[in-house]
Amino acid sequence: MPLFAEARRDLDSYIAARIPVVGLRTIEQPRAMRLVREAAGSPARAGLPFWVYTRATGLRDLRTNAPVNEDRSLTGAMEFAAAQFTGRAQATVVFVDPDDVSGDSPFTRHLSELARLADSNSGCLMLITDTPIWTGLLRLGMTLQLDLPDAEEMYTQITSFLGDHHGVVPIEWTEQDTRRAAEFLVGVTEAEAVNLLATIVAKGSVKREDVHLLARAKDRIFGDLAGLERVQVKEADRQIGGLATLRAWLRNKRELLESDLRGTGLRPPRGVLLVGVPGCGKSLSAKAISAEWRLPLYRLDLASILGKYVGESEGRLKDALETVDRISPCVLWIDEIEKGLAGQNDSTGVNRRLVGQFLFWLQESDSRSFVVATANDVRSLPPELFRKGRFDELFFVDLPDEADRREIIAMYYQRYVKVAPPQDLLDALVSMSEGFAGADLESALHDVGAMRHIRGEAAVTPAFVRDTFANTMPLSRTNPEQIEDIRAWGRDRAVPAGTPAPAPEPGGRGGRRILPQPGVGGGF
Ligand code: ATP
């Protein structure tokens, strides 16, 4: 049931039960007022008086909007409420965003007295507020949370908005586009959604690609969040060499992420954990997924989440994850997850709690946020991260093999030297670059491209390119023990992200295997 309908059902039952105080918590006052108006408009309540007070408009009859008096003060409205609750039965007075109701104060005690008066005559004091309500007051009644519209409600809203503009501007959106737009709009208020849609319509047409304008516009609304950074992805980040198994796996997940899962009992994919050798494309994969799937990319900076004070880190992580739910659909990139969640020296237990909090969210959140977490130092990671049911898969990103190096070299040669490499040079570079990471290959070819830029095409001779490769010292040679350590761990425990290796010998150890999917190669 959509959230609005659910809230309406609860509010109806509270009004019918004559609960003396009803707290309606929301950041969308207009939507909450619509809810209360609908409830007051039900034929069963035709004879019951409903009043509403706001600072701007003073006291009014909720149904007719007729002003009650000239006095716009809160005190005047409270006196009026007291008179109603004493003088007649079943009166309802709604206060919209009154003074601070969150703590024990003379004002909230005054409201409690009003609630008792209401109780004595089957009246109802309703408070619409975006802050928590003092427990002393709440104990006398019930609260209701009106959350932001969900995808289903957004869908209805968009359909009705577009319906109003049919014949006015050309509208290309299909049912699927509208569903996708609704997903993008989850997390914004009803009013913000209408503004965003109106901006699109004001262009003079509603085109299919406009769905993605919504994602960008939503980004501006959530532009300034602690711990979450919006990462701009360049067109070049789409291009990845090798990692064929990971790419094929991601293509399947994309279909699931974009498909309509209502009524299937299935949950959208949650994410992937990429561990492995530095410089081999883990971070690049996060960017490529965002670019290829056309979803905004946010980086969760665990270092800035970690606070100095007790409870601070947990609070910040909670805020950040709640925000991710609001900004989804998106790709959430957690770079070097081990740095934020590693458990060593955790005398205060903060890291353990953060891990638990993060995993709970990963498992329970049904937002369409796809997490790409990357890690180099896998040994320090808490083992619960690897358990099934958390990340959808754990991939090991190794140094590129011969075929992958060929693809990466050809790709960067084309990018920096502006032509395809001659075949014999490509063969030579592939065999010279055993042990190179993708980053080493990119850096060597960048040097070649720089030479071409400064000295001209003639300077880029095959001999110069080979020399550049020969002079490159890959990380795997500068720190062989560390790399071997990472590889030994990953081969045994994770699915290889690169070209599927031949089946292991019977009885041999071999890493976890994933079946290659059709259509290996190309984008995600
Ligand atoms: P680290 O753990 O050090 O961050 P990483 O695995 O995340 O390493 P990336 O940041 O993705 O490595 O790679 C660094 C750069 O190397 C990329 O920006 C890209 O230019 C190049 N690169 C690495 N692997 C690949 C690849 N498979 N295809 C294309 N480029 C690659």
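In this predicted model, six strands form an open sheet. Their order is β3-β2-β4-β5-β1-β6, and the pairing is mixed. The edges are formed by β3 and β6 (142-145), each of which pairs on one side only. From one strand to the next, the twist averages 20°.

At the β3 edge, the neighbouring strand is β2 (residues 50-54). Strands β2 and β3 pair in the antiparallel sense, over four bridges. Within this pairing, Tyr53 stands opposite Leu59 of β3.

Two helices lie across strands of this sheet. Helix α3 lies across β2, β3, β4 and β5 (124-129). The helix runs at about 160° to β4. Helix α4 lies across β1 (21-25) and β5. Its angle to β5 is about 140°. Strand β5 is thus crossed by α3 and by α4.

Two loops that lead into these helices hold residues with unusual backbone angles. Most residues other than glycine have a negative phi. Asn65 departs from this pattern, with a positive phi near 65°. Asn65 lies in the loop between β3 (58-61) and α3 (74-87). Its relative accessibility is 39%, so Asn65 counts as partly exposed. Asp97 also has a positive phi, near 45°. Asp97 sits in the loop between β4 (92-96) and α4 (106-120). With a relative accessibility of 33%, Asp97 likewise counts as partly exposed.

A further backbone feature concerns a peptide bond. Most peptide bonds are trans. The bond that joins Ser328 and Pro329 is cis, with omega at about 10°. Pro329 belongs to the loop between α13 (312-327) and β10 (330-334).

Strand β8 (residues 271-276) is mostly covered. Six of its six residues are buried. Both faces of the strand are covered. Gly271, Leu273 and Val275 are buried on one side. Val272, Leu274 and Gly276 are buried on the other.

Strand β8 has pairing partners in β11 (residues 369-375) and β12 (residues 393-397). The pairing of β8 with β11 is parallel and spans five bridges. In this pairing, Val272 has Val372 of β11 as its bridge partner. Strands β8 and β12 also run parallel, and five bridges join them. Here Leu274 stands opposite Phe395 of β12. Val272 and Leu274, which lie on one and the same side of β8, thus face Val372 in β11 and Phe395 in β12, respectively.

The cysteines were also examined. The count of disulfides comes to zero, with a cut-off of 2.5 Å between cysteine sulfur atoms. Cys124 has a relative accessible area of 1% and is therefore buried. Cys280, at 9%, is buried too. Both values fall on the buried side of the cut-off, because buried means under 20% relative accessible area. By the 20% limit, Asn65 at 39% and Asp97 at 33% are not buried. These two loop residues count as partly exposed.

Note on methods:
Residues are numbered from 1 along each chain as its sequence is written. This is a predicted model: local features need pLDDT of at least 70, side-chain atom pairs count only at pLDDT 80 or more; totals for chains, interfaces and linings use all residues. Side-chain values use heavy atoms; hydrogens and water are left out. Buried means under 20% relative accessible area, exposed over 50%, partly exposed in between (1.4 Å probe, protein chains only). Two strands pair if DSSP finds at least two bridges between them. Axes are lines fitted to C-alpha atoms, for helices over the stretch in contact, and angles run from 0 to 180 degrees between N-to-C directions. Contact means heavy atoms within 4.5 Å.
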